[in-house]
Amino acid sequence: MSLPTSTLTVNGRAVEMPTKAGTIGPSVIDISKLYAQTGQFTYDPGFTSTASCESKITYIDGDEGVLLYRGYPIEQLAEHGDFLETCYLLLYGELPTAAQKADFDYRVTRHTMVHDQMNRFFQGFRRDAHPMAVMVASVGALSAFYHDSTDITDEKQRMIASMRMIAKMPTLAAMAYKYTIGQPFIYPKNDLDYTSNFLRMCFAVPCEEYQANPVLSRALDRIFILHADHEQNASTSTVRLAGSSGANPFACIAAGIACLWGPAHGGANEAALKMLAEIGTPERVSEYVAKAKDKNDPFRLMGFGHRVYKNYDPRARIMQKTTHEVLSELGIKDDPLLDVAMELEQIALKDEYFIEKKLYPNIDFYSGITLKAMGFPTSMFTVLFALARTVGWISQWAEMIEDPSQKIGRPRQLYTGAPKRDYVTMAQRG
Ligand code: SDX
């Protein structure tokens, strides 16, 4: 079925542009020939109305608050599956059979160790280095160790690099944490599941046995599922752009980690918890809501609002439920930060400003409370986000590499600087 074209009249000349339709969601107007036909660019800072690629991985309906990984609703994946099943689904496009899942778990487990030279690499950091700085550096450094999986034109090498990234992120994240608290690194154990292994590498010490709490392990595994992928967000777009130049996968993921660190993106979970702590009591919430509404005040409610979700972030609902589960398992009856968060949500969701601007809690609003209760310092929150998002970045990177239409990403600009002018010698400058 041929789709209707769109006509744009530029300087009196009508230009026809084809429409491309997806399986669900908005169709797109293909403007790839616009510059050749009109000598003009489109202009869309922040890409609010621009599709950068075609993808089959994740679909978001921001108005309805829907999130699908390869067509499966996030609520069902979080309820029934585990994180490695979600990794398999994002990477291969289908849910694994029992045999495929067992093989995938086996392959990931046997790539969890990092080269022992990495221990020396960590020694170069100050102990008070932010773990995200350590992650950007150490993930980028992996390309110095794994020369047999940096040829992006080789499908086998792409898959081994993907497995290594998924497998080694928990080990590097735990090392980044241990290094900041001056405790020895704990090696992964192959008889543990992915998330219990990570908890043990973070919280075990050589002096005694450590057994991960299965309720906390399941909760964290679910949190990883919620963070696994999210369409063309800023860090995923960074990974795609880095990958479009042919850079190796480890360098591309390091670029994604750097972008995720920003407080407007993955750094919001750390910023949200700091904000809740600064507010301190439910009584002070209204004061901060007023600040957030004040155009002259740069303060924003961290963990609120989203470029795509103009409804409740479906992940935030699951996150809130998980928060209550974890606090109850830990016997934390009344967490002051949770009290502030619940009051803030109550007030904001009834406030005309937030209703009119469609600002709802996003995934970062509750995650910090949960992670803090589990024993993670705020500086580790975005590291955990990066750990989980690695499978999304890698899946999107592989899809971009395998897309026959892909070429190096190279946006243009609207130039408003000085027109051509001749050089003025120092003597003439006065
Ligand atoms: C993540 O893209 C993804 O998918 C990201 C993510 C993922 O999984 O990869 O979902 C993860 O990054 C979630 C978002 C985490 N960030 C925060 O919680 C930081 C606080 N939120 C905002 O900074 C903001 O909402 C953004 C960055 C998330 C979205 O910003 P947009 O889409 O560019 O919207 P905007 O800045 O243009 O805001 C629209 C209006 C503005 O008011 P006006 O200028 O129109 O009058 O809403 C206001 C903003 O001032 N606004 C807020 C607000 N967020 C937006 N006002 C107060 N508090 C806020 N949090």
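Two strands count as paired when DSSP finds at least two bridges between them. In this predicted model, strands β5 and β6 (residues 66-69) clear that bar, with four bridges joining them in an antiparallel run. One of the facing pairs can be picked out by name: Asp61 sits opposite Val66 of β6. The pairing belongs to an open sheet of three strands, ordered β5-β6-β7 and antiparallel. At its edges are β5 (58-61) and β7 (72-73), each of which has a single partner strand, so one side of each goes without a neighbour in the sheet. As for side chains, those of a regular strand alternate between the two faces of the sheet.

Further towards the start of the chain there is another antiparallel pair, made of β1 (residues 6-10) and β2 (residues 13-17), this time with five bridges. Thr7 has Glu16 in β2 as its bridge partner. The two strands make a hairpin with two residues between them, and Asn11, in the turn, takes a positive phi of about 50 degrees.

On the scale of the whole chain, the protein splits into domain 1 (5-51) and domain 2 (74-402). Taken over C-alpha atoms, the centres of domain 1 and domain 2 are 35 Å apart.

Now to the annotated site. An unreviewed UniProt entry lists His306 and Asp364 under "active site". The two span 59 residues in sequence, but no two of their C-alpha atoms are more than 10.5 Å apart, so they gather at one spot.

His306 is found in the loop that links α13 (285-293) to α14 (314-329). Its relative accessibility is 22%, which makes the residue partly exposed, given that buried means under 20%. Beyond its neighbours within four places in sequence, His306 has contacts with His230, Arg315 and Asn362. The side chain of His306 also has a polar atom 2.9 Å from the backbone nitrogen of Val308.

Asp364, by comparison, is part of helix α17 (residues 363-374). With a relative accessibility of 5%, Asp364 counts as buried. Once neighbours within four places in sequence are set aside, the contacts of Asp364 are His265, Gly266, Ala268, Asn269, Ala272, Gly303 and Phe385.

The ligand comes next. It is surrounded by 24 residues, of which His230, Lys295, His306, Arg307 and Arg315 are the closest. His306 is thus both a residue on the UniProt "active site" list and one of the closest to the ligand. His230 and Arg315, also among the closest to the ligand, are contacts of His306 as well. Several N and O pairs can be spelled out. On the backbone side, an N or O atom of Ala264 is 2.9 Å from a nitrogen atom of the ligand. On the side-chain side, Arg300 places a polar atom 2.9 Å from an oxygen atom of the ligand, and a polar side-chain atom of Lys357 likewise lies 2.9 Å from a ligand oxygen atom.

Helix α10 (234-244) and its surroundings round out the picture. Within α10, the buried residues are Ser235, Thr236, Val239, Arg240, Gly243 and Ser244. The cover over them includes α11 and α18 (381-402). Just past the end of α10, Gly246 adopts a positive phi of about 95 degrees. Ala247 is in the loop between α10 and α11 (249-260). A relative accessible area of 24% makes Ala247 partly exposed. Leaving out neighbours within four places in sequence, Ala247 is in contact with Ile152, Ala242, Cys252 and Trp397. Ala247 and Tyr69 are 178 residues apart in sequence, with 26 Å between their C-alpha atoms.

Finally, Ser217 belongs to helix α9 (residues 214-227). Ser217 has a relative accessible area of 6% and is buried. Not counting residues up to four places away in sequence, Ser217 touches Asp193, Thr195, Ser196 and Leu199.

Definitions and conventions
Residues are numbered from 1 along each chain as its sequence is written. This is a predicted model: local features need pLDDT of at least 70, side-chain atom pairs count only at pLDDT 80 or more; totals for chains, interfaces and linings use all residues. Side-chain values use heavy atoms; hydrogens and water are left out. UniProt positions are given in the numbering used here, feature names are shortened, and annotations may be inferred rather than shown by experiment. Buried means under 20% relative accessible area, exposed over 50%, partly exposed in between (1.4 Å probe, protein chains only). Contact means heavy atoms within 4.5 Å. A polar contact is a pair of N or O atoms within 3.5 Å; within protein, one must be able to donate a hydrogen and the other to accept it, and residues adjacent in sequence count only if both atoms are side-chain atoms. Domain bounds come from an automatic or database domain assignment. A residue is near a molecule or strand if one of its heavy atoms lies within 4 Å of it.
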